[in-house]
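Dear colleague,

I am handing over the structure we spoke about, and below it I have set out what was found. Please read the notes with the coordinates open beside them.

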Amino acid sequence: MRTFSVPVGISNRHLHLSEEHMKQLFGENSILTIKKDLSQPGQFAAEETVTLIGPKGKLEGVRVLGPTRDETQVELAVTDAIKLGLNISARDSGNTEGTPGIDIAVGDKKVSLERGVIAAMRHIHASEDDALQYGIKDKDMVKVLFEGPRGGILHNVLVRVKSTYALDLHIDTDEANALGLKNGDTGTVIIED
């Protein structure tokens, strides 16, 4: 068994817009305005927000993350999905086949997605150097241990390796609340040989 420490990044409900949906919601010449840089280089929380409308409710002020992507994707905690009346599953980013859709609104403008709402699978971002140093590879599944009064072990944590990634564990608000975690806390990755 091998271990190493990883910082925690908690992901609140958010969405990634395609260029087409960005224009439909915010205007033909719109561009995302950077509010705050995120832990992954080149990624940012935008000033722009939307309202998500599901079969049983809506969530207002949902943050758009940038830059734009090829396909619009909404990432929610399971408790968010319940409020909206959606049944979602944990998925790797980009794996939206067979997922529910949702309406996205900004003022009187609306886009209806046929699919694209997921609970993001908990995952570790790692650079190629990190992967070499810690003996992990892309698509590995590991465990992460957390100490403290509400500590525990998260199983089935996906490893994602790319040269531009910075080492970071991404979990959603449901997972963070269950374990009593906040941004910047650390966990211990467990690799079973």
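What radius of gyration does the protein chain have, and what would a compact globule with 193 residues have? The model is a predicted one, and in it the chain has a radius of gyration of 17 Å, which agrees with the value near 16 Å for a compact globule of 193 residues. Along the principal axes, the C-alpha trace spans about 55 × 35 × 30 Å, and 45% of the 193 residues count as buried. Among contacts between residues at least 6 apart in sequence, 66% join residues at least 24 apart.

The protein chain has four helices and 15 strands, of which I looked at strand E12, residues 141-146, in some detail. Its covered face carries Val142, Val144 and Phe146, whereas Met141, Lys143 and Leu145 lie on the uncovered one. E12 pairs with strand E13 (residues 152-161) in the antiparallel sense over five bridges, with Phe146 standing opposite Gly152. Five residues separate these two strands in a hairpin, and Gly148 in its turn has a positive phi of about 110°. E12 also runs antiparallel to strand E15 (residues 186-191), to which three bridges join it; there the bridge partner of Leu145 is Thr188.

As for the surface and the charges, the protein chain exposes about 10,000 Å², with carbon and sulfur atoms supplying 48% of that area. There are 22 positive and 29 negative side chains, and the centres of the two sets lie 4 Å apart.

With best regards

Methods: Residues are numbered from 1 along each chain as its sequence is written. This is a predicted model: local features need pLDDT of at least 70, side-chain atom pairs count only at pLDDT 80 or more; totals for chains, interfaces and linings use all residues. Side-chain values use heavy atoms; hydrogens and water are left out. Buried means under 20% relative accessible area, exposed over 50%, partly exposed in between (1.4 Å probe, protein chains only). Two strands pair if DSSP finds at least two bridges between them. The radius of gyration is taken over C-alpha atoms; the globule rule is 2.2 Å times the number of residues to the power 0.38. Contact means heavy atoms within 4.5 Å. Accessible areas come from the Shrake-Rupley method with a 1.4 Å probe; for residues, only the protein chains shown count as cover. Lys and Arg count as positive and Asp and Glu as negative; His and the chain ends are not counted. The place of a charge is taken as NZ of Lys, CZ of Arg, CG of Asp or CD of Glu.
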